[in-house]
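Subject: Structure for you to look at

Hello,

Here is the structure I said I would pass on. Please open it beside this message; my notes follow below it.

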Amino acid sequence: MSVSVAHLTSDEMVAHHFDSPPLARRATAAIAGASMVIAVVLSALMGGVAPARVLAIGAVVYALSIYVVSRRVEGRRRGFDRLVTTLVTGAFLLVTIPLVSVIWTTIDRGSARFDSAFFTETMRGVVGAGGGAKHAIIGTLIITGLAALMSVPIGILVAIYLVEYGRRNRLSSMITTMVDVMTGIPSIVAGLFAYSLFAVFQGPGARSGLAGAVALTVLMTPVVVRATEEMLRLVPNDLREAAFALGVPKWKTIVKVVLPTAIGGILTGITLAIARVIGETAPLLIACGLAQDTNLNPLSGRMTTLPVMSYYGYVAPGFPPEAGYDRGWAAALVLIIIVLALFTVARVIAKVLQPKGLR
Amino acid sequence: MSTDITDDINRDTGDDFASGQVNRVGDRVFSGMSRGAGLVILVTLAGVALFLIWRALPALTADPSEIGPGGSEGNGSGFLPYVGTLVFGTVWASVIALSIAVPFGIAIALFISHYAPRRLSRTLGYVIDLLAAIPSVVYGLWGIFVLAPAMAKHVYPWFNDHLGFIPFFSGKVLASGRSMATVGLVLAVMILPIITAISREVFLQTPRLNEEAALALGATRWEMIRIAVLPYGRSGVISGAMLGLGRALGETMAVALILAPANVYSFKLFTSQNPNTIAANIALQFPESTGLEVNTLIATGLVLFAITLFVNVMSRRVSRGRVA
């Protein structure tokens, strides 16, 4: 608290708060209205009344005029406070624009090919229009499923070790550091690692679904560890002690008491981890390559996922390019629907399974 | 107190106390499994480093003329000049993204923690988290089809005309908009959620009494935030920014899709002469590469790994210094 309000005498503060009448709601509304009118006029002068331009100019005019007016009526400090409020609120509104725009664009452009053929056909032999993403959807399920199969048990066990067994010893603090480092690995580096690893077994240039799953495991495991660890630490120690006092072995206490108490949070964390890796493109581009047909064998051969298909839909659209673009956007739309569904599921799980004691 | 006692017992006597005599095998198996999983983490990370170094070595030891563009004909420039522009591009794009995202991140975190009605704040936080959920390839497509053309038409020319005397804004504006400025903007949107999430968390942890004391002294809301909330949350904001930086450095697909790259050092934001980033370069080149080209790309990946590792270690150091 080294910064103080010392430069404001208390008299000054009282004066500001009680002597000057606060700006009425009606007055701020009037300023907002006037700002918009000015914005329309200004943008007409600058060449054309476009909604986006009017809103942008209007926001600037409003921020300035509310500051000036409030400063005159309510004093310097209140005026600045209003300016900051306007800026902070404006920043939030501004950032919702890309979110809305991304989702809207994906729905708008993705719906062109969001048809039954898209889910039942593959890209085998397709050059121009037509084709579908059946192979990519299957590939996504296989690769993400394998990654979850590897990272979930490892992640949960690591978290159990950190919280239940290795408290404060050297190995556990080392693991904590390494999990941190792993969280920061760029996804493309994970892809390069998986590629290099499988090059040892299958020779250089080998691509396979399993290699992609390994890359995703590297990205997903630390997320699972973090989420599980956090939830295990929330479990009250009284529960463990009660079980110990009844003579329950430690491992049974963990499996029957600790994990069930934390299960809601753990499942939420796993779901969010899956949502994070299911959209990964870069590591799979390296480790799995691009396939045009369904490949059910993750051990050998190229395998495609939705994000990779979406990428190639733009990079190598075929002829005419519009068909490729449309497929890319449709794949993106399916992907976003999956991710949002996983997000919703995670929230529902968190709500439903939250133990009463931790609410 | 009870916590400490249990901890001590666990640490001193391992599993014996809890298990008694009956079920020791179960305990030993379970604790062995969980320790084994921990070792898997260590082995994996060591594996990542070792495999990358091993596969990168051929590129680092090869004759410089064989590395880089034209390397297959013996006209290459060598590894360091090749990776130099890429490192520059990676850092430059991330710095642009960070300088946009940090002010916005702080403002939005403040909006959620101190301006929005309490009941709404959870939902608003969820809205911002959604930004993080959107896959990067979708951001890339959005960047090319929507953001780049719009900015190149309406925004960049204005900066170029009126502020062109500043070197960043000078040069000929690329009509497609696939320039460093667009990449920086998209990266900023992508790292905003993490900066917001961490800042919001520390802002919400500001001791209530400090805030109320400031208000009781007659501070306005902004003055309360300036003297109570911001000083308290400073280290949190910094570590959030560092984490965002780490993410921006490694971001691949959005850059690979949007940027029109060239092999140059340039600070200009709007032109066609944009240095590429390490990650995007790997994504673009890898599918068509063979032999020594693959080793070269893996070596650049190793450089990227080292950079992000450094940033993450620094961010951890900052956040550990935080007063809990």
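The expected span of a helix is taken as 1.5 Å times one less than its number of residues. Helix H8 of chain B, residues 180–204, has 25 residues, so by that rule its span should be 36 Å. The C-alpha atoms at the two ends of H8(B) are 35 Å apart, which agrees. Please keep in mind throughout that this is a predicted model.

H8(B) does have a bend in it. A kink of about 40° sits at Ile191(B), shortly before the proline Pro193(B). The helix is also mostly covered, with 22 of its 25 residues buried.

Chain B as a whole is assigned two domains: domain 1 covers 2–61 and domain 2 covers 78–320. Their centres, taken over C-alpha atoms, are separated by 36 Å. Where these two domains of chain B meet, seven residues of domain 1 are in contact with nine residues of domain 2. The domain 1 side of that contact has six nonpolar residues, one charged residue and no polar ones.

Now to chain A. The secondary structure consists of 14 helices and zero strands, so there is no sheet to look for, given that count. As for overall dimensions, the C-alpha trace of chain A spans about 75 × 70 × 35 Å along its principal axes. The radius of gyration of chain A is 28 Å, whereas a compact globule of 359 residues would have one near 21 Å. Of those 359 residues, 46% count as buried. Among contacts in chain A with a separation of 6 or more, 72% are between residues 24 or more positions apart.

Chain A is also assigned two domains, with domain 1 at 10–112 and domain 2 at 118–358. The C-alpha centres of these two domains of chain A lie 42 Å apart. Six residues from domain 1 of chain A and six residues from domain 2 of chain A make up the contact. On the domain 1 side, the residues that touch domain 2 of chain A are three nonpolar, two polar and one charged.

Two places in chain A may be worth finding on the screen. One is Arg53(A), which lies in helix H3 of chain A, residues 51–74. Is Arg53(A) buried or exposed? The cut-off for buried is 20 or more other C-beta atoms within 10 Å, and for exposed 12 or fewer. Arg53(A) has 18 within 10 Å, so it falls in between and counts as partly exposed. Leu42(A) is 11 residues from Arg53(A) in sequence, and their C-alpha atoms are 9.6 Å apart in space.

The other is Pro320(A), in the loop between helix H13 (306–315) and helix H14 (321–353) of chain A. The peptide bond leading from Phe319(A) to Pro320(A) is cis, with omega near -5°.

Last, the contact between the chains. It takes 81 residues from chain B and 81 residues from chain A. On the chain B side, helix H3 of chain B (residues 24–61) gives the most, with 19 residues. The residues on that side of chain B divide into 49 nonpolar, 23 polar and nine charged.

Regards

Conventions: Residues are numbered from 1 along each chain as its sequence is written. Chains are lettered from A and ligands numbered from 1 in the order in which they are written. This is a predicted model: local features need pLDDT of at least 70, side-chain atom pairs count only at pLDDT 80 or more; totals for chains, interfaces and linings use all residues. Helices (H or I, at least four residues) and strands (E, at least two) are DSSP runs, numbered from the N terminus. The bend at a residue is the angle between axes fitted to the seven residues ending there and the seven starting there. Domain bounds come from an automatic or database domain assignment. Ala, Val, Leu, Ile, Met, Phe, Trp, Tyr, Cys and Pro count as nonpolar, Asp, Glu, Lys and Arg as charged, and the others, Gly among them, as polar. The radius of gyration is taken over C-alpha atoms; the globule rule is 2.2 Å times the number of residues to the power 0.38.
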